[in-house]
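The following questions and answers go through one model. They take up its metal site, its open and enclosed spaces, its ligand surroundings and some backbone angles.

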Amino acid sequence: MLLKDMPEDVRSRIIPKPQSLDSMVYRCIECDEEYPIQDLLYTCPKDGKLLDVVNLSFEKLKRTDPEKWKRIFDFRKILNDPSIKNNQALHGIFRFYEFVLPVLSLDDIIYLGEADTPLTKANDFMEKYVGVLFYVKNDGLEPSVSFKDRGMASAVSFLNALYNKRKVSGFLGICASTGDTSASAAIYLSYLNHKEGIKSAVLLPQGKVTPAQLSQPLGAGAKVIELPGVFDDCMKVVEELAENYDVALLNSKNGLRVLGQKTYTYEIAEKFGYDMENKAIVVPVGNAGNITAILNGFIDFYEIGLIGELPKIVGVQSENADPIVSWVETGVYEPFDVKKPSTAQAAYIGKPVSFPRVYELTKKYRGYGGKLYAVRVSEQEIMDNMLTANQHGHTVCTQGGEAIAGLKKAVEKCFVENFETAIVDSTSHQIKFAGFQDVYFKDGLREYGVIPREDLINMPTLVDITISTEEKKRNKDIKKVAGEIAKVLDLKLK
Ligand SMILES: *Cc1c(COP(=O)(O)O)cnc(C)c1O
Ligand SMILES: [Zn+2]
């Protein structure tokens with residue numbers, strides 16, 4: 001729809017008007033000290049604690065009626081107006097512009113097709129199997145094939161804005177990654193590759209990302225550095241670099257990432273008619289950036305009055321990397337060095353950087369009457385649930401399998417009840433982690449403690465007959481092959 005054809009009550013609000021840069025600040029989660037947003041800080045210079053990015057004008061958003069907000073979000077979705085430069089930028093996370101990063105101009109926004117991902121209802125089999133009606137929100141359908149694109153779109157767009165406003169003359173975007181953050185960072189930064197002084201580098205634990213994940217930053221032209229060890233080691237090194245060198249950190253430690261990732265919750269609220277009563281959101285937890293954003297996002301909409309109730313949040317972790325689950329269960333937080341491996345490799349983190357944010361936000365969430373649960377699942381459950389879901393119309397990765405296994409367990413524990421509706425966060429796509437499926441089928445996951453279930457194994461059947469290129473022989477061969485396939489498939493003659 002063209003802007004001029006939009007209803008009058010929202011028309012002037014569709015194209016956002018940027019607030020001034022100083023209307024947003026970094027705020028220390030410990031001492032509340034504030035710092036200018038263009039300073040690109042990741043920790044408080046006073047006490048080294050995490051910084052949130054805060055919109056000082058957030059209260060003003062309450063002046064707009066919730067019903068009007070809904071219409072603004074809706075109409076931005078159908079805005080297609082070639083007379084407005086980069087108007088497609090309002091189709092991604094910036095459909096919720098005022099709740100994300102309301103200091104950017106349309107021109108600064110990098111839109112690669114992220115966000116607005118589908119919600120798929122689980123079929124009758126899966127509903128019975130898990131024990132509750134549930135939907136999968138498929139964030140595997142993002143440009144880099146993981147949910148990380150939401151936060152990368154906000155963080156890299158902001159860097160682009162600083163560059164365009166000549167607040168910086170260039171930057172090196174850098175991150176540590178279990179695979180997906182680096183893919184996303186490299187792809188968003190590659191959009192700026194032609195700009196003088198903008199560079200991209202990623203740090204990966206050698207051998208602990210999948211071949212598909214490794215191919216992404218390489219393909220995007222980023223400098224890829226591998227280190228022996230695990231993600232937690234890479235994170236420490238990149239933190240050291242961010243403290244002492246002139247780099248732009250793109251891990252979720254960077255509060256700008258959280259802003260974009262919140263839109264996952266806005267879309268869920270929207271898809272359920274802003275009715276979050278009797279809903280539960282199930283999310284795999286690694287570095288805890290995603291669950292931070294999920295808590296934050298629902299709190300935003302609750303405070304504005306867009307939703308009247310907070311959904312339950314269920315965090316899921318593998319029993320081999322479960323510091324957050326232990327904290328929820330015992331109240332004691334003990335980060336540790338991960339040892340036994342996990343197939344949910346992208347969430348395989350023993351020292352989640354965003355834990356202090358989760359701690360603070362959980363207090364706030366509970367203060368508003370919201371509930372947070374956490375469950376741990378076995379490696380066997382992760383793999384079996386991934387394969388089961390994918391045999392019923394889904395395309396989840398190992399972390400998605402982890403989340404579905406977690407939902408099943410949450411139902412068993414009555415954290416989620418049978419009259420409720422669950423929404424499972426499918427954080428990336430099956431394809432990125434196809435290697436784990438392959439190794440499961442070949443019984444190669446014993447070191448993970450996984451024994452393949454006979455009924456879930458699926459291997460190709462070779463019909464070993466070469467079809468001749470000679471005309472006469474060819475027809476005979478084709479008949480022979482067809483006959484052989486008919487036997488394999490148990491087909492009856494017509
Ligand atoms: C990053 C990632 C996670 C974990 O998210 P955190 O924000 O680190 O908790 C889960 N699944 C996938 C596919 C990921 O890439
Ligand atoms: Zn501080």
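Q: What spacing do the donor residues of the zinc ion (ligand 2) show in sequence?
A: This is a predicted model, in which local features need pLDDT of at least 70, side-chain atom pairs count only at pLDDT 80 or more, and totals for chains, interfaces and linings use all residues. Residues are numbered from 1 along each chain as its sequence is written, chains are lettered from A and ligands numbered from 1 in the order in which they are written, and side-chain values use heavy atoms, with hydrogens and water left out. Donors are N, O and S atoms within 2.8 Å of the metal (3.2 Å for Na, K and Ca), and sites may look incomplete since water is not among the atoms. For the zinc ion (ligand 2), the spacing of the donor residues is C-x2-C-x12-C-x2-D.

Q: How many residues apart in sequence are the parts that Cys28 and Asp47 tie together?
A: Cys28 lies in strand β1 (residues 24-28), while Asp47 is in the loop between β2 (34-36) and β3 (51-55). Helices (H or I, at least four residues) and strands (E, at least two) are DSSP runs, numbered from the N terminus. The pair therefore ties together parts whose separation in sequence is 19 residues.

Q: At what distances from the zinc ion (ligand 2) do its protein donors lie?
A: Cys28, Cys31 and Cys44 each donate through SG. Asp47 is listed twice, each time with OD. These protein donors lie from the zinc ion at 2.3 to 2.5 Å.

Q: Is Asp47 buried, partly exposed or exposed?
A: Buried means under 20% relative accessible area, exposed over 50%, and partly exposed in between (1.4 Å probe, protein chains only). Cys28, with a relative accessible area of 1%, is buried. Asp47 has a relative accessible area of 30%, so Asp47 is partly exposed.

Q: Which element gives the largest share of the lining of the largest pocket?
A: On a 1 Å grid over the protein atoms alone, a pocket is an open set of points with protein on both sides within 12 Å along at least five of seven lines, a cavity is a set of points where a 1.4 Å probe fits but cannot get out, and lining residues have an atom within 4 Å of a point. The largest pocket has 28 lining residues, with Arg27, Asp52, Val54, Asn296 and Lys364 nearest its centre. Two or more residues each come from β1, β3, α3 (97-100), α9 (255-261), α11 (289-304) and α13 (355-367). The largest share, five residues, is that of β3.

Q: What is the volume of the second largest pocket?
A: A volume is the space filled by probe spheres set on the grid points, which are joined across faces, edges and corners. The largest pocket has about 720 Å³. For the second largest pocket, the volume is about 360 Å³.

Q: Which residue has a side-chain N or O atom 2.6 Å from an oxygen atom of ligand 1?
A: Ligand 1 is surrounded by 13 residues, the closest being Lys148, Asp180, Gly286, Asn290 and Thr427; a residue is near a molecule if one of its heavy atoms lies within 4 Å of it. Polar backbone atoms of Asn287 and Asn290 are each 2.8 Å from an oxygen atom of ligand 1. The side-chain atom at 2.6 Å belongs to Lys148.

Q: Which element supplies the largest share of the lining of the largest cavity?
A: The largest cavity holds about 270 Å³ of space. Its lining has 24 residues, and the closest to its centre are Phe147, Lys148, Gly286, Asn287 and Ala346. At least two lining residues each come from α6 (180-190), α9, β10 (279-284) and α11. The largest share, three residues, is supplied by α11.

Q: Is Ala115 buried or exposed?
A: Ala115 lies in the loop between α3 and β4 (119-121) and has a positive phi of about 70 degrees although it is not a glycine. Asp116 lies in the loop between α3 and β4, has a positive phi of about 55 degrees and, at 31% relative accessibility, is partly exposed. Ala115 has a relative accessibility of 6%, so Ala115 is buried.

Note on methods: A polar contact is a pair of N or O atoms within 3.5 Å; within protein, one must be able to donate a hydrogen and the other to accept it, and residues adjacent in sequence count only if both atoms are side-chain atoms.
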